[in-house]
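Q: Got a minute to go through this one with me? I'd like to start at the ligand and then move on to the fold.

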Amino acid sequence: MAVDFDSKSYLEKVDAWWRATTYLSGGMIFLKDNPLFSVTNTPLKADDVKVKPIGHWGTISGQTFLYAHANRLINKYDLNMFYIGGPGHGGQVMVTNSYLDGTYTEDYPEITQDLEGMARLYKRFSFPGGIGSHMTAQTPGSLHEGGELGYSLSHATGAVLDNPDQIAFTVVGDGEAETGPAATAWNSIKFLNPKNDGAVLPILDVNGFKISNPTISSRMSDEQLTKFFEGLGWSPRFIENDDIHDYMAYHELAAKVLDQAIEDIHQIQKDARENGKYEDGEVAAWPVIIARLPKGWGGPTHNTKGEPIEGSFRAHQVPLDLKQGDLSQLGEFEDWMNSYKPTELFNADGSLKDEVADFAPKGDKRMAANPVANGGRAKGAKPEMLDLPDWKSLANDINDSNRGTQLPDGNRNMDMNVLSTFFAGVAKKNPTSFRVFGPDETMSNRLWEMFKMTNRQWMSKVEEPFDQYEAPEGRILDAQLSEHQAEGWLEGYTLTGRTGVFASYESFLRVVDSMTTQHFKWIRQAADQPWRNDYPSLNLISTSTVFQQDHNGYTHQDPGMLTHLAEKKSNFVRQYLPADGNTLLAVFDRAFKDRQKVNHIVASKQPRQQWFSIDEADELANEGLKVIDWASTVAEGEDADIVFASAGVEPTIETLGAVQLINDAFPSVKMRYVNVVELGRLQKKNGPLNDDRALTDDKFSALFGQSGTPVVFGFHGYEDLIESMFYERQHLGLHVHGYREDGDITTAYDMRVYSKLDRFNQAKDAVKTLVANGAVDKAAGEAFDKKMDDILAKHFKITRDEGRDIEEFTKWSWSPLKK
Ligand SMILES: Cc1ncc(C[n+]2csc(CCOP(=O)(O)OP(=O)(O)O)c2C)c(N)n1
């Protein structure tokens with residue numbers, strides 16, 4: 001017999017499921033045993049109660065209500081839908097739903113669907129050695145932890161891009177909605193193409209309160225919220241009721257409103273897919289739901305002082321003063337739990353009653369089992385890797401005759417532009433699984449070849465010739481100036497198994513540094529879950545970097561992302577500083593094949609000398625660092641008087657400039673030059689998960705000499721990062737020339753001199769150490785030092801008088817060393 005999903009009896013099933021998940025969600029905050037005390041007729045005793053109950057209650061019942069209704073929608077419309085909980089601190093919502101639909105037990109067999117398993121689940125919730133109270137990577141069906149609030153909509157949008165049948169059922173907290181990232185993420189519909197992308201169904205959960213404040217939207221009228229959302233292009237609808245305890249009224253309304261939303265989504269997609277609509281600048285008015293579901297709904301109503309809990313901020317975390325050491329509120333707790341009528345829901349052995357269990361969607365239709373939230377594929381299935389073009393066929397031919405020069409074709413000197421030939425090839429070969437993201441910078445960051453084969457995806461009107469490269473379909477998503485959106489979309493895209501790149505101005509990648517932290521934490525925890533598939537790596541490019549800012553200045557100088565990421569567990573982070581176009585190509589070939597990392601690549605977009613042959617670039621990218629023999633005068637295995645090293649584009653130019661100055665003046669000095677591309681190879685951090693790429697101590701000293709060997713190191717970032725790495729290696733002798741937090745609107749070279757990264761300052765430092773260790777005569781050293789000072793004085797005068805750089809810099813190119 002056909003099921004009547006709109007009937008009262010079916011809504012009663014929804015209600016039963018809701019009560020069951022809410023019962024467990026509330027109970028596991030407090031109990032570590034005896035979860036079904038009234039079903040099994042086993043009175044609660046102190047030992048069943050946690051010593052220190054922690055977790056959140058306020059967000060739960062609204063979210064479990066919505067989750068139950070999402071299940072109904074899946075059953076009614078046979079949807080491919082998954083759940084994103086913006087207020088991820090309601091971890092129980094996804095935990096209890098996945099437990100009751102069977103997914104949890106499939107993923108964690110020890111958590112059986114009986115009394116013992118249920119007790120184990122209670123105990124492990126928000127408990128030492130157990131699971132987090134958020135929708136962490138431990139949670140089946142989750143791809144969004146929601147610990148740091150703000151990204152639910154961006155993640156949802158990223159997840160459904162190029163996933164035309166997918167719907168992201170996305171609960172946005174009304175507190176979360178006040179964050180900058182969430183506020184700007186409503187603009188996502190200006191970029192979602194209903195033809196090729198899936199849909200996001202946002203439900204703004206206006207439960208009225210945050211931790212201890214009301215929310216802004218709770219004090220806005222329906223009319224104001226309607227205007228707000230309509231202004232953004234959405235089609236808003238409301239779920240609300242005057243009598244908050246008339247639950248059937250809520251069910252009836254929710255069913256009606258949500259059905260309409262799904263039918264509208266299907267209509268929008270049909271119009272786009274079959275009738276060619278939304279190709280001319282009309283942005284689809286996607287449904288958004290505003291659900292006014294009270295905070296702490298259906299839970300304890302008042303505290304012992306008589307102040308309201310239900311419908312108040314007081315419901316946010318633990319709503320009762322119940323703990324093992326104080327059972328005075330046990331009665332209130334029991335009344336609350338029994339209000340869900342658990343005897344109607346559960347059997348005494350802990351299993352769900354058949355008629356309740358029957359409500360759950362089946363197989364992969366269960367939101368907790370939807371493959372989209374598990375790297376986009378069935379559990380244990382092999383990932384689909386990108387089909388990559390041969391980067392070597394796109395490389396510059398660098399040899400002895402042109403090394404360290406600017407190539408005749410100016411475009412080939414801009415590393416980012418060289419890289420864009422690779423990206424264009426990747427996009428061509430992978431038309432639905434590769435995208436480039438950014439905050440309006442793809443053009444500025446010189447990924448120009450991309451524009452020859454694709455456009456920026458933009459659903460609003462295109463007004464040519466005033467606009468360029470905007471179209472409803474395109475592999476580039478950079479037409480919203482928001483780092484949060486670019487990062488959030490990329491994360492959603494990546495966590496669902498596709499590959500993307502976010503290219504950002506270096507300093508403004510800091511805008512989302514905590515988002516990258518959250519992503520790192522996710523992949524780190526996900527790696528510990530045997531049932532989780534792995535993910536492609538998250539690829540971040542820092543360009544428009546610290547050492548050349550042209551019309552921008554000091555505000556645009558911040559290479560601190562390097563330090564920020566270096567502080568994380570290094571097994572999940574790769575940071576690359578390729579010094580030229582070939583190395584950048586080789587690094588991306590590696591980055592796109594690597595799994596489950598945060599790849600941070602610092603790259604130049606400015607015309608620069610090119611250095612490395614294809615073979616050298618290959619080795620540098622894959623080994624991570626290398627002694628460069630054409631820039632060294634010491635034989636392999638011999639002790640050097642001094643080691644030069646560099647990481648980054650301008651540091652490499654300047655350090656090699658210093659190598660040449662020293663070699664010209666003191667040809668007998670034995671020098672080794674090491675180019676460092678993969679920063680993590682130098683580190684030797686304490687603690688687990690930190691050593692999968694660390695050099696052995698022997699290899700480190702083979703490169704940098706024993707402690708005491710002078711090492712002049714040109715570095716792109718803040719100096720203390722390299723200092724800490726040498727400290728960890730107990731290597732004394734480091735002279736690092738990095739960014740010293742000085743700069744201005746000035747010439748390209750002056751930016752380097754500001755930080756003493758320039759070759760003259762590096763050479764001065766080198767000679768001082770060579771005099772000290774006797775490799776250079778004192779008088780000769782002093783004369784050299786004066787020569788360097790004179791050049792720097794000239795530099796200072798000419799930049800300030802004429803606004804240009806000196807010929808010692810502009811006319812310089814590499815010439816072979818005297819050996
Ligand atoms: C970016 C960020 N800022 C602050 C917090 C601390 N915090 C945790 S929960 C919360 C209130 C959340 O309110 P809302 O989004 O409405 O969720 P709900 O009411 O459903 O719990 C805050 C401020 C956070 N987790 N993330």
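Q: So which residues are closest to the ligand, and how many surround it?
A: This is a predicted model, to say that up front. In it, 21 residues surround the ligand, and the closest are Thr 59, Pro 87, Gly 173, Gly 175 and Glu 176.

Q: How does that shell divide into nonpolar, polar and charged?
A: Eleven residues of the shell are polar, six are charged and four are nonpolar.

Q: OK, switching to the sheet. What's the strand order in the open sheet of five?
A: The order is β1-β2-β3-β5-β4, with parallel pairing.

Q: And which strands stand at the edges?
A: β1 (80-85) and β4 (235-239) do; each has a single partner strand, so one side of each is left without a neighbour in the sheet. On average, neighbouring strands here are turned by 20° against each other, direction ignored.

Q: How many bridges does β1 make with β2?
A: Six, in the parallel sense, with β2 covering residues 166-173. Ile 84, for instance, has Thr 170 in β2 as its bridge partner.

Q: Which strands does helix α6 lie across?
A: α6 (residues 152-160) lies across β1, β2 and β3 (199-205), and runs at about 175° to β2.

Q: Zooming out, how many helices and strands are in the protein chain?
A: There are 27 helices and 18 strands. The chain's radius of gyration is 30 Å, close to the 28 Å that the globule rule gives for 819 residues, so it is as compact as a globular protein of that length.

Q: What percentage of residues count as buried?
A: 56% of the 819 residues.

Methods
Residues are numbered from 1 along each chain as its sequence is written. This is a predicted model: local features need pLDDT of at least 70, side-chain atom pairs count only at pLDDT 80 or more; totals for chains, interfaces and linings use all residues. Two strands pair if DSSP finds at least two bridges between them. Helices (H or I, at least four residues) and strands (E, at least two) are DSSP runs, numbered from the N terminus. Axes are lines fitted to C-alpha atoms, for helices over the stretch in contact, and angles run from 0 to 180 degrees between N-to-C directions. Two residues are in contact if their C-beta atoms, placed from the backbone, lie within 7 Å. A residue is near a molecule or strand if its C-beta atom, placed from the backbone, lies within 6 Å of it. Ala, Val, Leu, Ile, Met, Phe, Trp, Tyr, Cys and Pro count as nonpolar, Asp, Glu, Lys and Arg as charged, and the others, Gly among them, as polar. The radius of gyration is taken over C-alpha atoms; the globule rule is 2.2 Å times the number of residues to the power 0.38. A residue is buried if 20 or more other C-beta atoms lie within 10 Å of its own, exposed if 12 or fewer, and partly exposed in between; C-beta atoms are placed from the backbone.
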